[in-house]
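The exercises below ask the reader to work through burial, packing and backbone geometry in one chain, with a solution after each task.

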Amino acid sequence: MNWRFPRLDQPLAIAVVFLISGLTAPAIADETNPPQYVGSDTCVSCHSDEVADWQGSHHALAWTKPTAETVAGGFDGRRFTHQGSTTRFLKDGGQYVIETEDAKGGKRRFEVTGVAGIEPLQQYIIETEPGRMQSFDVVWDVEEERWFHLYPDQTLTPDDGLHWSGSYKNWNARCAECHATGFEKNYDPKRDLYQSRQVETGVGCEACHGPAQAHVEWAQTDNRLDGTKWTGTNDIGLLINLPSDGSAEAELRGYLAGTQQRLSRLSNSETQIQQCVGCHSRREPFEGGNPLPGTPFHDAYRLSNLRAGLYHPDGQIEDEVYVYGSFLQSKMYANGVTCTDCHNPHTAEVKLEGNALCGQCHSLAGNPDFPTLALKEYDDPSHTFHVEGSKGAECKSCHMIERTYMGVDGRRDHSFRIPRPDLSLQTQAPNACNDCHSDQTPRWAADAVASWYPDSTKGGPHFSQILAAGRNDLRGQGEALVGLAEYDALPAIVRATALDMLVPLTNPALATRLEPLLSSPEPLIRVAAISIQRGAPETERSARIVGLLGDPVKAVRIAAARGFLGMRIAYMPEKMNHDLNTAMGEWQASLAAKADFPEAQLVLAGIGLTTRRMDVALNAFGEAVEMDPQLTQAWVMMVRIHDALGDRLAAIKTVREALERNPEDVQLNLMRADIGG
C-alpha cells in the first residue's frame, strides 16, 4: 500500500489515503549510521570470562541450527498422534525431518531448519515455503524425554490462523526478533514473501551491547583520550551505559549512532531495564526487526496494559506476558532495582540460589544501595509462617507466583506482591496461598493471614477491586476508574489500564477532566490519555493533542497521529504541520512493519472506514481474513460494506465464503438469511 499525506495548509480532512498496491515502508534517511556487527566470536579474545558464561546459556541457544549437539528431541522414527493426525520424527541422510499428516494438502515432509531453546522444552522450526518459517506445535519435553502438543485441547485445521502453519505461528513475524541478533524480517506484502536475515542466530553479545565494529577498532588502537592502551579487561560495561565525562570510554560512545542522545532522558537503571524488556515483554513492535540496542523501549514498542485475558484484575500474570508488565507494578522497580541485581546477564541465571537471592537486600544487614529497606530477618519462620526448608518457606512461593506456559515452562510473576487471598474473594484472581493449599478456600487463607498479622495496614483497598468490577460493569465503575487514573501514587501501568477501560465511556466532560494526564511524565499514561480525547469536540481535541505530535517518545507521537485521523482542520502552523506529517509517517512505518499481522490489517481497515475509503477497508479486511479466516467480524464488515455499496452479488459471495471457513458462526448464518445467500 502506498501512502499519501494531505497538505494541512488547505481546508480538508486530515486523512491517510491508502492506494492498495502493497504496503511498503517509507524511505527514511539513515540518521544514525551505526557501526557494523562483528559477531560474538570476535568478543572472545578480550572478554573470555563473559563469553564463557554466555556460551550454553538460554540466550546463546535461543535459536540454533539443527545439529547433533543442539537437537535434544527424539528424531528416531517415533510417532506422535494428536486429534487424529500423526507426526513422525526421523533423521534422513543427516537431516532432521518432521513428517506430518497435519499439514495443508495432507501428509508432508519438512526438514527442520532451526531449533528454539534448550529446556524445559525444545521447539523446532520448519520452512513451509522458501523463506517462510513456522514453529511446529509438537515439541520435545527435555526432562520427560517425550513429544507433546503445546495446545492439546485445540482442534485446528490447516486453514485456521492459529494452526502451526498459520500467521500467528510464523517465526519470521512473531518470534525471530527475540531469538536472534540484528534480525531483519524483510517481508514483501506484494508477493507475500519473507527474505529475513540476521547477523547472528541466537542472542549474541551485540544483541545487548550493540554493533561492535567501532568498539573493536578502538580497542585495537593506542588513541584513547586518557593516554592508556586497551588491556582487554572488562573496564567497559554495557555500551549504552558509558559515561559522558570526556573519558576514553566516551570516545567510543560517540560511535554508537546517536544512542546517547536517545537515552539521555533515562536513568542508568531504567536504561538497563529497557534494554532487557524489549524482548521480555508483551508488546506491539514498531519495527520489522531488532531496534538498535539502546533504543528506549517506548521508541520501539507499545506495551500491553493489564487487559483482561492477559492479566488478572490485580495485575498478576495470566496469559504469556513475560516480565515487564508485572515488574512495573512492583515496589522493587519503583525503588531502582534492575534486572542484573538478581540475574547474571551472561548466564541468564539468577545470581544466588534459594532465599539467598532475596537475602542480598531483605535481611538484617540490608543493602546500602537501597537504604529505605527495613532491616529485619525475613528468612525465618517468624516471617514465613512455614517450616524452614519447606516449599512454603521459599520467598518466591509467596511473592513470585508461578504460572506454566507452553505445557511445561514455569515462569514467575515479577510484581513481587504481598499475598492477598482476601482479594480473591472479591476479584476471583488467584493467590499464592491457594496455589499451594489448593484443597482450601480463599476464605481459609485470608483468615490465616489475618491471624498472622492482626494489626497489619496492608490489607486495605486495592486497585484490583475497581478493575475487577469495571470488567463486569464498566458504566457502574466509571468514576472509580477515573479515580485510579488520577491517583499518581499508583504504578503507571495501572493508571494507563484504567484510562484504556474508560475509552468507551469518554465524553466532553470526561475528556476535559482527564486532559492534565496528557502532560504526565509517564509515556504509558500519555499514550492512553490521548484516546480519552476522542470524547472531546474536534477543535478542542486537536488543540489538546497537537503538542504531543512532537513528543520525545515515539509511542506517544504515534498515538497522537491516530488521534488526528479523520479530523477536519482548516489551517495548522508550519511546525505543527511538520510534526503531524512526521508522526503520521512513523505510524505508517509501524503498520508497514506489521503488514503480515492480521491485527495490523484490521487497523488499516479501520482507517479506511474512518476516511470513507471503502476500497481500502475491503482490501484490508480481505487481507486479514486471508491470514486468519476465523476473524468473523472482518467477514461481517466486508458483507456490510458490499451491501451498503449496493453490490448484493459481492455480499452474497462473501458471506458464502465466510461460512465455508466458519460454518457454525451464528451471525454469519443470520446474515446469509437476511441477504438471501
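**Exercise 1. Determine which residues of helix α17 are buried, and what covers them.**

Solution. Begin with the cover: α14 (421–427), α18 and α19 are among the elements that lie over the buried residues of α17, where contact means heavy atoms within 4.5 Å. Helices here are DSSP runs (H or I, at least four residues), strands likewise (E, at least two), and both are numbered from the N terminus. The model is a predicted one, in which local features need pLDDT of at least 70 and side-chain atom pairs count only at pLDDT 80 or more, whereas totals for chains, interfaces and linings use all residues. Residues are numbered from 1 along each chain as its sequence is written, and side-chain values use heavy atoms, with hydrogens and water left out.

Next, list the residues: in α17 (residues 463–472), F463, S464, L467, A468 and G470 are buried, that is, under 20% relative accessible area, with exposed meaning over 50% and partly exposed in between (1.4 Å probe, protein chains only). Finally, consider their placement: these residues lie on the same side of α17 because they cover an arc of only 160° around the axis, the arc being that of the directions from the helix axis to the C-beta atoms.

**Exercise 2. Describe how α18 and α19 pack, and classify the residues in their contact.**

Solution. Take the geometry before the residues. Helix α18 (residues 478–486) packs with helix α19 (residues 492–502) at an angle of about 145°, and their axes are 7 Å apart; the axes are lines fitted to C-alpha atoms, for helices over the stretch in contact, and angles run from 0 to 180 degrees between N-to-C directions. From α18 the contact draws on G478, L481, V482, L484, A485 and E486, and from α19 on R495, A498, L499, M501 and L502. Sorted by class, the contact of α18 with α19 has eight nonpolar, one polar and two charged residues, given that Ala, Val, Leu, Ile, Met, Phe, Trp, Tyr, Cys and Pro count as nonpolar, Asp, Glu, Lys and Arg as charged, and the others, Gly among them, as polar.

**Exercise 3. Establish how strand β4 pairs with β5, and which face of β4 is covered.**

Solution. First, β4 and strand β5 (residues 85–92) pair in the antiparallel sense over four bridges, pairing being assigned if DSSP finds at least two bridges between two strands. Within this pairing, H82 has S85 of β5 as its bridge partner. The two strands form a hairpin with two residues between them, and Q83 in the turn has a positive phi of about 50°. Lastly, in β4 (residues 79–82) the covered face holds F80 and H82, while R79 and T81 belong to the uncovered one.

**Exercise 4. Compare the settings of M406 and R612: is each buried, partly exposed or exposed?**

Solution. Start from the backbone: M406 has a positive phi of about 50° although it is not a glycine, and R612 has a positive phi of about 60°, again without being a glycine. Then locate them: M406 lies in the loop between β18 (402–405) and β19 (409–412), whereas R612 lies in the loop between α25 (598–610) and α26 (614–627). Since its relative accessible area is 24%, M406 is partly exposed, while R612, at 70% relative accessibility, counts as exposed.
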